[in-house]
Amino acid sequence: MAAMMTSRQRVRTIISGQAADRCGFWLGNPDPATWPILHQYFGTSEKEELRRKLGDDFRWLPASDYRDPDGRATFSMPKKVSHGDPGPLAEAQSVAEVEQLYQFPQARYMHFDSAVASLAGAGDFYRAGGMWTCFYHDVMDLFGMENYMTYMYERPEVVQAVTDRVCQFYYDANELLYAAAGDEIDGFFFGNDFGTQLDLICSPAHFDQYVLPWFQRFTQQAHRHGYQVILHSCGSIHRVIERLIEAGVECLHPLQALARNMDAATLARDFSGRISFLGGIDTQDLLVNGTPQQVRDQVKLVKQLLGPRLIVSPSHEAILPNVPPANIAAMAEEAVKA
């Protein structure tokens, strides 16, 4: 049995693949409408107070303060009803037109003072930071989902040019942040949903062509600064987890439990001992409709299957108001048991 650790030590140890005193726990990032419900149930008034009460080991503190002099957001575009709506680059026929049709963000307009202060003031908890770096979604929105998938075949040079522009912004911004934050960051936590409920959104071949090269650059950049790498990807991504491990991902989040081949038993069978896991407690059915005892039983099972390299957490971090607080309590209590 390992000696009692701080939360920061515990999660760093879990992600590094060493023996910790217990599995970790992260409440996630509840939807804004959920916090008042949780505060009323648990008798708390502040988010940090509730996290400490539940034994939460993990603090997600991304950088997001972008100040374009013209008031643009990082990737500003007209409001969409669905991912399939055409984006501002839907009509781009050539690489030259990419710059003509859209003004890309610039890393020099990022401000990191508040992010660094939050990281430095996080206490003895694991600090997950960095730009959210959701480049896959940004490129998808710039084209529109259907256009993006089609242009991978029809206009590969245009897709590559847009991918390079989007990713270079994130790379440069992360470089500035890492220089400012230093060892206040423990892990680079970034998010790109590569899967649907059943499979990948794009083919593995297109994943290798358009996603993996920059993905590897981001992980290498984080490692060069001494950070662990945690990837968020919802959906069924089983077919590329091997690639992600080879690319340097040390921890995978959120393990969408009901997506194809993303259940704990399959992940343990295929990848146990080679990557750490963050998540795994089903939010599509169990946490919404199950009893507290059923939640406890599932947490025990997931810990048995994926532990000790596991931080228990919901299978989607944005806990919605339809999750009974008693089930959150059951998940947290069972998660922090040694």
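**Helix contact and largest pocket in a predicted model**

In this predicted model, Phe-135, Asp-138, Val-139, Leu-142 and Phe-143 of α6 meet Val-158, Val-159, Val-162, Thr-163, Val-166, Cys-167 and Tyr-170 of α8.

Q: What makes these residues of α6 and α8 count as meeting?
A: Contact requires heavy atoms within 4.5 Å, and the residues named in α6 and α8 meet in that sense.

Q: How is the contact of α6 with α8 made up by class?
A: The contact has 10 nonpolar, 1 polar and 1 charged residues. Asp counts as charged and Thr falls among the polar residues; Asp-138 lies in α6 and Thr-163 in α8.

Q: Why are α6 and α8 called oblique to each other?
A: The axes of α6 (residues 135-143) and α8 (residues 156-181) come within 10 Å and cross at roughly 130 degrees. Roughly perpendicular covers 65 to 115 degrees and roughly antiparallel begins over 145; the two helices are therefore oblique.

Q: Which hand does the crossing of α6 and α8 have?
A: The crossing is right-handed.

Q: What is the volume of the largest pocket, and which residues are closest to its centre?
A: The volume is about 250 Å³. Of the 13 lining residues, Glu-48, Arg-51, Arg-59, Trp-60 and Leu-61 are the closest to the centre.

Q: Which elements give two or more residues to the lining of the largest pocket?
A: These are α3 (47-54) and β2 (58-60). Helix α3 gives the most, with 4 residues.

Q: What classes of residue form the lining of the largest pocket?
A: The lining has 6 nonpolar, 2 polar and 5 charged residues. Glu and Arg count as charged, and Glu-48, Arg-51 and Arg-59 are among the residues closest to the centre.

Methods. Residues numbered from 1 in each chain as written. Predicted model: local features only at pLDDT ≥ 70, side-chain atom pairs only at ≥ 80, totals over all residues. Heavy atoms only, no water. 1 Å grid on protein atoms, 1.4 Å probe; cavity = no way out; pocket = protein on both sides within 12 Å on 5 of 7 lines; lining within 4 Å. Points joined across faces, edges and corners; volume = space filled by probe spheres on them. Axes fitted to C-alpha atoms, helices over the stretch in contact; angles between N-to-C directions. Parallel < 35°, antiparallel > 145°, perpendicular 65-115°, else oblique. Left-handed = near helix turned anticlockwise from the far one by under 90°.
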